[in-house]
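Work through the exercises below with the sequence and the model open side by side, and try each task before reading its solution.

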Amino acid sequence: MRQIFKKLKAFKSIFITALFSSIKLRKRYPRISSFQKIVDNYFIDNPAYRSKLIDAKSVDLGCGKKPRNPFSANFLYGIDIREDIENNILKSDLSRESIPFETNMFDYCTAFDLIEHIPRLILLNGNNHFAFIELINEIYRILKPGGIFFHVTPAYPSKEVFQDPTHVNFITEETFPDYFCAPNNWASDLGYGYKGDFDLIKQYWIDDIWIATLLRAKK
């Protein structure tokens, strides 16, 4: 009888621990089936937005061989670790270098499966360089007032955040709303060197793996 009681007590303890863990890791933001639906829904909700843009420009960071263009911009550029001028892809190591475009140049900036590869802190020219913070600063710089930044990034608690050995930056669904968006802007208020200011338009989970965030630059 004592053994049964001990087993029930142990089971109760495991159940309570699992319950509190599930509550702690509960996702606040809704799920959606694809990133393109997020973009399409934005234009449905804001029918006049696209019509106001003339010769819209978009840049895809970490684009690989082919930049993505979910916003159907008129002019498309890419940034990667290799250069391909014929396809408007410029070379830049975004963990160490700036985005090689002018300030207030783009209507859209996208980043698919890139942010998890950007270190939070590196040593650059003998000084600490907060690469992730500086990348967001650069994205803010190149966007026009009201320009849109859209990223899709594997996020905690999905296992895909950790299983790839090249992933060095782990974000949660609170990272962008709390640290890079009004009214919090903790990355600025806490003295991390953040110089931007975004409005959170929408945020979703895709397949319980990726967090997809749509942000608007406030300038």
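The exercises that follow concern a predicted model, and they deal with aromatic pairs, charges over rings, a strand residue and a pocket.

**Exercise 1.** Classify the geometry of the ring pair formed by phenylalanine 43 and phenylalanine 71, and place both residues in the chain.

*Solution.* The structure holds 20 aromatic pairs. For this one, the ring centres of phenylalanine 43 and phenylalanine 71 are 6.1 Å apart and the planes stand at 90°, so the pair is edge-to-face, given that planes over 60 degrees apart count as such. The next step is to locate the partners: phenylalanine 43 belongs to helix α2 (residues 35-45), while phenylalanine 71 sits in the loop between β2 (57-61) and β3 (75-80), so that the pair links distant parts of the chain, 28 residues apart. Finally, phenylalanine 43 and phenylalanine 71 are both buried.

**Exercise 2.** Carry out the analysis for phenylalanine 112 and phenylalanine 150, then find the cluster to which these rings belong.

*Solution.* With centres 6.0 Å apart and planes at 85°, the rings of phenylalanine 112 and phenylalanine 150 form an edge-to-face pair. Because phenylalanine 112 lies in strand β5 (residues 106-112) and phenylalanine 150 in strand β8 (residues 143-154), the pair ties together parts that are 38 residues apart in sequence. Phenylalanine 112 and phenylalanine 150 are each buried. Following the ring pairs further gives a cluster made up of Phe35, Tyr42, Phe43, Phe71, Tyr108, Phe112 and Phe150.

**Exercise 3.** Which residues lie over the faces of phenylalanine 112 and tyrosine 140?

*Solution.* Over the face of phenylalanine 112 lies arginine 68, at 4.6 Å from the ring centre. For tyrosine 140 the residue is lysine 219, which lies over the ring face at 4.8 Å from the centre.

**Exercise 4.** Is threonine 153 buried or exposed, and which residues does it touch?

*Solution.* Threonine 153 is placed in strand β8. Its relative accessibility is 0%, and it therefore counts as buried. Leaving aside residues up to four places away in sequence, threonine 153 touches Ile115, Glu116, Ile171, Ile209, Trp210 and Ile211.

**Exercise 5.** Describe the lining of the largest pocket by residue, by element and by class.

*Solution.* The largest pocket has a volume of about 300 Å³. Its lining residues include Arg120, Phe130, Phe132, Phe170, Glu174, Tyr179 and Tyr192. The elements giving two or more residues to this lining are α4 (131-142) and α6 (175-179). Sorted by class, the lining of the largest pocket has 8 nonpolar, 2 polar and 2 charged residues.

Key. Residues numbered from 1 in each chain as written. Predicted model: local features only at pLDDT ≥ 70, side-chain atom pairs only at ≥ 80, totals over all residues. Heavy atoms only, no water. Phe/Tyr/Trp six-rings, centres within 6.5 Å; stacked < 30°, edge-to-face > 60°. Helix = DSSP H or I, 4+ residues; strand = E, 2+ residues; numbered from the N terminus. Buried < 20%, exposed > 50% of the residue type's maximum accessible area, 1.4 Å probe, protein only. Lys NZ or Arg CZ within 6 Å of the ring centre and 35° of its normal. Contact = heavy atoms within 4.5 Å. 1 Å grid on protein atoms, 1.4 Å probe; cavity = no way out; pocket = protein on both sides within 12 Å on 5 of 7 lines; lining within 4 Å. Points joined across faces, edges and corners; volume = space filled by probe spheres on them. Nonpolar A, V, L, I, M, F, W, Y, C, P; charged D, E, K, R; others polar.
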